[in-house]
Amino acid sequence: MIVNVYKPMRFDKHFVLLTHHLFAVSGVMPGVPKSMMFSAKAMANWIHKQCHIDGEQWSLRPRYEGGTFETTCFDIFTALAEMSVQASQNTRCLSPAVCFTLSWGVEDVVSDDAAFASVRLCREALGLSAMPYAAVVRRNDAHTWCNILVSRIPESGGKAASMWRNVDTLQHACREAELLHGWKHEKGSWVIEHDEIVRPRKKG
């Protein structure tokens, strides 16, 4: 697994990216002008107008155009509002959202269950398991990837979770997931040697 971590950002920006991954076909949202493609409000309105799907089908892991969505929020329709409202309780945190991606190579067989299990492992490693989150898994012929958006703000509106050394923490979590699911062992700030997760050896 390869992890790519973005700087803590606003919920609206990355929720748009998640929406694109779930609904966009070839990068285009049907019925949404290009000028509105990066508007969280436009995306929310599009979902409400276009997705006439019964609540049971969307209750846990909604699927659309090959993408699969999972959230701890009430549903996809309210995820952005729920995370934003909760984050607004802490007005001092200027970057309440954390966004990162996980990706797997063509040689890895990755089910939805395994992908979302890896997401949970990463959230737990970051100390964000109790925070609201949303994630989208997509696939093409080359690889599987997952975009994850997590709140740093607890439900109480208290102190935001620290992201100190978050990249290093996620690297270790990725190695754990590789061992657990038998995926290809990638290199990074942590590596796998003889089924053990260790720091890479210094050359020379």
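How are H1 and H4 oriented to each other? The axes of helix H1 (residues 11-23) and helix H4 (residues 79-87) cross at roughly 160°, and angles over 145 degrees count as roughly antiparallel, so H1 and H4 are roughly antiparallel to each other. Keep in mind as you read on that this is a predicted model.

## The H1 and H4 pair

Let's stay with these two helices for a moment. Their axes come within 10 Å, and the crossing of H1 past H4 is right-handed. On the H1 side, the contact is made by Phe11, Asp12 and Phe15, which meet Ala79, Leu80, Met83, Ser84 and Ala87 of H4. By type, the residues of this contact comprise six nonpolar, one polar and one charged.

## The sheet as a whole

Now to the strands. Six of them make an open sheet in the order E1-E4-E6-E5-E3-E2, and the pairing is antiparallel. Strand E1 (2-5) and strand E2 (63-64) stand at the edges with a single partner strand each, so one side of each has no neighbour in the sheet. As general background, strands of a sheet pair through backbone hydrogen bonds, either parallel or antiparallel.

## From the E2 edge to E3

Starting at one edge, E2 pairs with E3 in the antiparallel sense over two bridges. In this pairing, Tyr64 has Gly67 in E3 as its bridge partner.

Is E3 enclosed or open to the surroundings? Five of the five residues of E3 are buried, so the strand is largely enclosed by the rest of the structure. If you look at the two sides of E3, Gly67, Phe69 and Thr71 lie on one, Thr68 and Glu70 lie on the other, and all are buried. This split fits a general pattern: in a regular strand the side chains alternate between the two faces of the sheet.

## E5 and its two partners

Strand E5 (residues 133-139) is a good one to display next, as six of its seven residues are buried. On one side, E5 is joined to strand E3 (residues 67-71) by four bridges, and the two run antiparallel. Here Phe69 stands opposite Val136, and Glu70 stands opposite Ala135.

On the other side, E5 pairs with strand E6 (residues 144-151) over seven bridges, again in the antiparallel sense. Ala135 appears here too, with Ile148 in E6 as its bridge partner, while Arg138 is matched with Trp145 in E6. E5 and E6 form a hairpin, with four residues between them.

## Arg139 in E5

Which residues does Arg139 touch, not counting residues up to four places away in sequence? They are Val110, Ser111, Asp112, Thr144 and Trp145. Arg139 belongs to strand E5, and because its relative accessibility is 33%, it counts as partly exposed. Trp104 is 35 residues from Arg139 along the chain, and their C-alpha atoms are separated by 9.6 Å.

## H5 and H6 against the sheet

Two further helices lie across the strands. H5 lies across E2, E3, strand E4 (97-104), E5 and E6, and runs at about 140° to E5. H6 lies across E1 and E4, at about 160° to E1.

These helices also meet each other. The axes of helix H5 (residues 112-125) and helix H6 (residues 166-181) come within 9 Å and cross at roughly 145°, in a right-handed crossing. H5 contributes Ala114, Ala117, Ser118, Leu121, Cys122 and Ala125, and these meet Thr169, Leu170, Ala173, Glu176, Ala177 and His181 in H6. The residues of this contact divide into eight nonpolar, three polar and one charged.

## Glu178 in H6

Is Glu178 buried or exposed? Its relative accessibility is 0%, so Glu178 counts as buried. This residue sits in helix H6. Leaving aside its neighbours within four places in sequence, Glu178 is in contact with Met1, Trp183, Lys184, His185, Glu186 and Ile192. Ser118 is 60 residues from Glu178 along the chain, and the C-alpha atoms of the two are separated by 9.0 Å.

Note on methods: Residues numbered from 1 in each chain as written. Predicted model: local features only at pLDDT ≥ 70, side-chain atom pairs only at ≥ 80, totals over all residues. Heavy atoms only, no water. Buried < 20%, exposed > 50% of the residue type's maximum accessible area, 1.4 Å probe, protein only. Pairing = 2+ DSSP bridges. Axes fitted to C-alpha atoms, helices over the stretch in contact; angles between N-to-C directions. Left-handed = near helix turned anticlockwise from the far one by under 90°. Contact = heavy atoms within 4.5 Å. Nonpolar A, V, L, I, M, F, W, Y, C, P; charged D, E, K, R; others polar. Parallel < 35°, antiparallel > 145°, perpendicular 65-115°, else oblique.
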